[in-house]
Amino acid sequence: MIVPMKKVSLIILGDKKTETLKELRKLGIVHIEITEGSGERLSELKEEITLLENAAFTIGKNKKAEQKEISASKTLSVAREIVSLAEEKKACQSERIALDIELERLKNWGELDPHSIGDLASKGIDISFYEMPKTEYEGLSDSVKTVRLDSNKASVKFLLLKSGFEGEDELVQSLRNYRLELPRISTAEMAEKIDELSARIKAIDEQIASYAEYAESMRKAIKSLEKEIEFEVYATGMADESLSADESKAVSVAYFKGYIEADNLDRLQQTAKKNSWGLLVEEPCEEDNVPTKLKNNKFVSLIYPLTDFLGTVPGYFEYDISGWFLMFILIFFGIIFGDGGYGLLICAVAAIPIIKAVVSKKKISPAFLLIGLFGLSTMLWGTLTCTWFGLAPEQLPNWLKSLSIPVISNVYADRIWYPFWTQGEAGLTTAQNLQIFCFSLALIQLTVAHIKGAVRNKKTVKLLGDIGSILQLFGIYYLVLSLVVNAEVFSFGLVLGGVPIGTVAIALIGIGFVLSFVFSNYEGSIIKSILSSLTNIVSVLLGVVNVFSDIVSYIRLWAVGLAGAAISSTVNELAGPMFGKFLFMIVAIFILVFGHGLNMILNVLSVIVHGIRLNTLEFSSHLNMSWSGHKFKPFKEEI
């Protein structure tokens with residue numbers, strides 16, 4: 001459930017900010033609604049935490065390094081040294097890269113020394129180096145003095161000696177694109193400089209590595225600074241007011257708003273009375289940015305690692321669907337993975353850390369328990385459909401086949417199932433039965449969404465709009481079965497027990513649409529509700545189409561599961577013929593491990609893309625949920 005909150009406003013004397021915040025932090029139950037602060041101290045703290053984070057990132061994690069505790073000031077000093085060394089290393093690397101590039105440019109010219117060439121120029125011997133196409137070189141005037149240094153079929157490297165003949169300057173200018181730009185230092189000096197830089201970089205790396213023993217101190221300092229920053233933001237972000245126009249008699253007060261769990265209100269009231277704070281308590285309204293705190297039993301809370309990873313938090317005035325989310329994602333995960341063998345592997349992976357925690361008497365991580373549930377769900381679905389490591393049914397033992405449900409089992413994949421009302425004239429394949437199962441899941445989950453809406457609106461006639469949506473769901477569900485699964489089995493002329501099923505389905509869609517049209521926007525007046533629907537008539541009509549597409553969207557479970565099964569089967573077919581031949585067995589094992597491993601990775605991505613989508617989009621849209629919430633984070637001593 002979503003824990004009920006109270007909106008509180010606290011009024012204090014302006015000079016009591018620090019004292020009040022210390023008391024509130026000690027109390028640890030108030031979520032303060034201040035997001036921005038100001039001041040030099042806050043800027044200094046942010047610079048310090050940036051410095052520490054950069055230093056911690058630079059030294060990385062070295063579990064072998066023995067940790068040493070040092071003071072906060074010493075930690076900052078070490079961090080500055082690490083960052084300074086990292087910047088120096090970066091500069092050395094940049095310079096070394098530049099020199100490497102320069103040497104690469106000059107490598108075909110041999111040893112070059114610009115200082116020697118400069119000395120020659122000072123003595124009146126002006127030389128320069130060129131590389132140009134061979135045909136153009138051979139076309140140079142005989143008056144041009146050159147020394148050929150090297151040549152190939154395409155080009156010539158040569159030295160040009162200025163002799164002062166008429167037109168020489170114009171000729172040199174015309175050859176500027178072929179001229180070699182001399183380096184600032186000799187190639188020998190470059191090589192020596194590269195060696196020096198490499199040695200310095202190695203020394204820096206060793207020096208930085210020596211600071212690994214302070215990594216834990218830096219992490220603690222970062223946490224401490226985060227708390228200081230939080231404190232400073234609240235202290236400088238409070239609104240200040242003067243209670244008198246006369247500055248000599250003015251009394252400054254500060255105030256802020258926040259939220260508190262309703263059950264903790266008494267504690268805050270007692271503290272406020274003890275410290276002479278002004279306290280106003282109100283019920284939150286939809287305009288307020290109320291934080292959300294979820295509270296569920298231990299089993300439902302297993303979904304939290306997944307929702308935390310996704311960053312999905314329901315708004316305070318939305319629904320807590322943690323239990324439904326957990327139930328349906330387990331089903332979706334099992335169908336998408338679809339293979340009992342994969343489920344067995346997932347359970348084994350989850351069991352290792354769980355057993356370690358039990359043996360060492362430590363708390364078991366909810367994430368591993370959730371992974372274990374995913375594995376059990378996959379094993380259950382694999383058992384029901386007789387799917388194990390992509391093996392054909394005839395390769396599996398009879399006792400395993402007997403555990404499967406015939407209408408969805410791979411054992412009977414080629415069999416046609418004839419519902420009693422078709423009298424053997426039309427039947428369903430195993431694949432179609434699986435599609436029906438997926439669409440039935442859609443009907444159940446989306447109906448749950450509208451039932452929750454109906455419960456919330458039970459005291460108003462808006463309830464009829466939710467009932468209309470449920471009726472539409474059932475009618476469109478039959479429409480989907482007819483249009484997508486099998487029009488002969490689920491025909492619109494079908495009559496069961498004297499009830500015309502197809503006609504009833506159409507009637508449900510029509511009646512549901514009318515109820516939804518008239519009452520879905522009800523806010524005290526039926527006329528206004530109808531006018532609102534008329535104003536948005538296009539959206540209302542598209543809403544019916546969306547219901548159809550939402551139900552059909554659940555076929556992705558079957559389709560993705562089918563694709564995974566095809567991949568695992570193909571992997572087995574590739575590796576199978578290699579067994580029995582010793583030399584090829586290693587290759588076969590590699591194919592099996594790589595192929596099935598890749599398939600499992602793809603299935604994980606499919607769960608994220610498809611399984612989670614059905615919960616956070618299709619299901620949530622029928623609940624009118626936007627996941628716009630943010631977590632309740634009380635101001636307290638420890639993070």
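Okay, let's start just past the end of helix H12, at Lys361: the residue comes after the helix and has a positive phi, near 60°. Keep in mind that this is a predicted model.

Now back into H12 itself. The helix runs over residues 340-359, so 20 residues, and at 1.5 Å a residue we should get a span of 28 Å; the end C-alpha atoms sit 28 Å apart, so that agrees. There's still a bend in there, though: a kink of about 25° at Ala351, shortly before the proline Pro353. At the start of the helix, Asp339 puts a side-chain oxygen within 2.8 Å of the backbone nitrogen of Gly341.

Which residues of H12 are buried? Gly340, Gly341, Tyr342 and Gly343 are on the list, then Ile346, Cys347, Ala350, Pro353, Ile354 and Ala357.

Next, the cores. The largest nonpolar one has 61 residues, and those with the most contacts inside it are Leu306, Ile321, Phe325, Ile329, Phe490, Ile551 and Leu557. Take Phe490: skipping neighbours within four places in sequence, this residue touches Trp421, Leu428, Ile436, Tyr478, Leu481, Ser482 and Val485. Apart from that core there's another, with 46 residues, including Ile32, Leu85, Ile204 and Phe256.

Last stop, helix H15, residues 430-456, where we find Thr430. Buried or exposed, this Thr430? Its relative accessible area is 4%, and the cut-off for buried is under 20%, so Thr430 counts as buried. Again leaving out neighbours within four places, its contacts are Val407, Ile408, Ser409, Tyr412, Ala413, Arg415 and Trp417.

That's it from me.

Notes: Residues are numbered from 1 along each chain as its sequence is written. This is a predicted model: local features need pLDDT of at least 70, side-chain atom pairs count only at pLDDT 80 or more; totals for chains, interfaces and linings use all residues. Side-chain values use heavy atoms; hydrogens and water are left out. A nonpolar core is a set of buried Ala, Val, Leu, Ile, Met, Phe, Trp, Tyr and Cys residues joined through side-chain atoms within 4.5 Å. Buried means under 20% relative accessible area, exposed over 50%, partly exposed in between (1.4 Å probe, protein chains only). Contact means heavy atoms within 4.5 Å. Helices (H or I, at least four residues) and strands (E, at least two) are DSSP runs, numbered from the N terminus. The expected span of a helix is 1.5 Å times one less than its number of residues. The bend at a residue is the angle between axes fitted to the seven residues ending there and the seven starting there. A polar contact is a pair of N or O atoms within 3.5 Å; within protein, one must be able to donate a hydrogen and the other to accept it, and residues adjacent in sequence count only if both atoms are side-chain atoms.
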